[in-house]
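Reader: Hi, have you got a few minutes to go through this one with me? I'd like to start with the empty space inside.

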Amino acid sequence: MPIQVNLDLILVKRGVKLSDLASAIDLTLSNLSILKTNKAKAIRFSTLEAICKELDCQPGDLLEYAPDEPIHNE
């Protein structure tokens with residue numbers, strides 16, 4: 001998937017456990033884990049806002065566009 005979620009990197013930089021973040025933003029640990037492991041298909045703006053507020057970061061710190069390798073038909 002071209003959109004990568006860098007939540008794990010931010011958590012390490014901030015020294016925050018996933019379970020602590022889940023409690024702080026009132027989100028289930030399983031839903032936050034899905035986001036952390038890049039298995040999420042979507043994210044609500046309210047969830048993104050809560051994560052950014054709690055971790056003192058910007059959406060661009062969490063989300064990264066990494067295009068898939070192009071397919072060459074030669």
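Reader: How many cavities of 30 Å³ or more does a search of the whole structure find?

Author: The search turns up 1 cavity of that size or above. A cavity here is a set of points on a 1 Å grid over the protein atoms alone where a 1.4 Å probe fits but cannot get out, and lining residues have an atom within 4 Å of a point. Please keep in mind that this is a predicted model, where local features need pLDDT of at least 70 and side-chain atom pairs count only at pLDDT 80 or more, while totals for chains, interfaces and linings use all residues. Residues are numbered from 1 along each chain as its sequence is written, and side-chain values use heavy atoms, with hydrogens and water left out.

Reader: And how much space lies in the largest cavity?

Author: It comes to about 30 Å³, counted as the space filled by probe spheres set on the grid points, which are joined across faces, edges and corners.

Reader: Which residues line it?

Author: Val5, Leu7, Leu35, Ile43, Leu48, Ile51, Leu62 and Leu63 line the largest cavity. By class that gives 8 nonpolar, no polar and no charged residues. Nonpolar covers Ala, Val, Leu, Ile, Met, Phe, Trp, Tyr, Cys and Pro, charged covers Asp, Glu, Lys and Arg, and the others, Gly among them, are polar.

Reader: How much space lies in the largest pocket, then?

Author: About 160 Å³. A pocket is an open set of points with protein on both sides within 12 Å along at least five of seven lines. Its lining is made up of Leu27, Asn31, Ile34, Leu35, Ala40, Ala42, Ile43, Arg44 and Thr47. Those residues split into 6 nonpolar, 2 polar and 1 charged.

Reader: Which element gives the largest share of the lining of the largest pocket?

Author: That would be H3, with 3 residues.

Reader: Let's step back. How many helices and strands are there in the chain?

Author: The chain has 5 helices and 2 strands, taken as DSSP runs (helices H or I, at least four residues; strands E, at least two) and numbered from the N terminus. Read from the N terminus, the order is β-α-α-α-α-α-β. The C-alpha atoms fill a box of roughly 50 × 20 × 20 Å along the principal axes.

Reader: What share of the 74 residues is buried?

Author: Buried residues account for 26% of the 74. Buried means under 20% relative accessible area, exposed means over 50%, and partly exposed lies in between, with a 1.4 Å probe and protein chains only.

Reader: At what angle do the axes of helix H1 and helix H3 cross?

Author: The axes of H1 (residues 7-14) and H3 (residues 29-36) cross at roughly 110° and come within 8 Å. So H1 is roughly perpendicular to H3. Axes are lines fitted to C-alpha atoms, for helices over the stretch in contact, with angles from 0 to 180 degrees between N-to-C directions; under 35 degrees is roughly parallel, over 145 roughly antiparallel, 65 to 115 roughly perpendicular, and the rest oblique.

Reader: Which residues meet there, H1 with H3?

Author: From H1 there are Leu7, Asp8 and Leu11, and they meet Leu32, Leu35 and Lys36 in H3. The residues of this contact are 4 nonpolar, no polar and 2 charged.

Reader: New topic: is Leu21 buried or exposed?

Author: Leu21 is buried, at 0% relative accessibility. Leu21 sits in helix H2 (residues 18-25). Beyond its neighbours within four places in sequence, Leu21 is in contact (heavy atoms within 4.5 Å) with Leu7, Leu11, Val16, Leu32, Glu54 and Leu55.

Reader: What about Glu64, where is its place?

Author: Glu64 belongs to strand S2 (residues 63-65) and is partly exposed, at 39% relative accessibility. Its C-alpha atom lies 7.3 Å from that of Asn6, though the two are 58 residues apart along the chain. Apart from neighbours within four places, Glu64 is in contact with Pro2, Ile3, Gln4 and Asn6.

Reader: One backbone question. What is phi of Asn38?

Author: Phi of Asn38 is near 60°, a positive value in a residue other than glycine. Most residues other than glycine have a negative phi. Asn38 is in the loop between H3 and helix H4 (45-55). Asp56 also has a positive phi, near 50°, and is exposed, with a relative accessible area of 65%.
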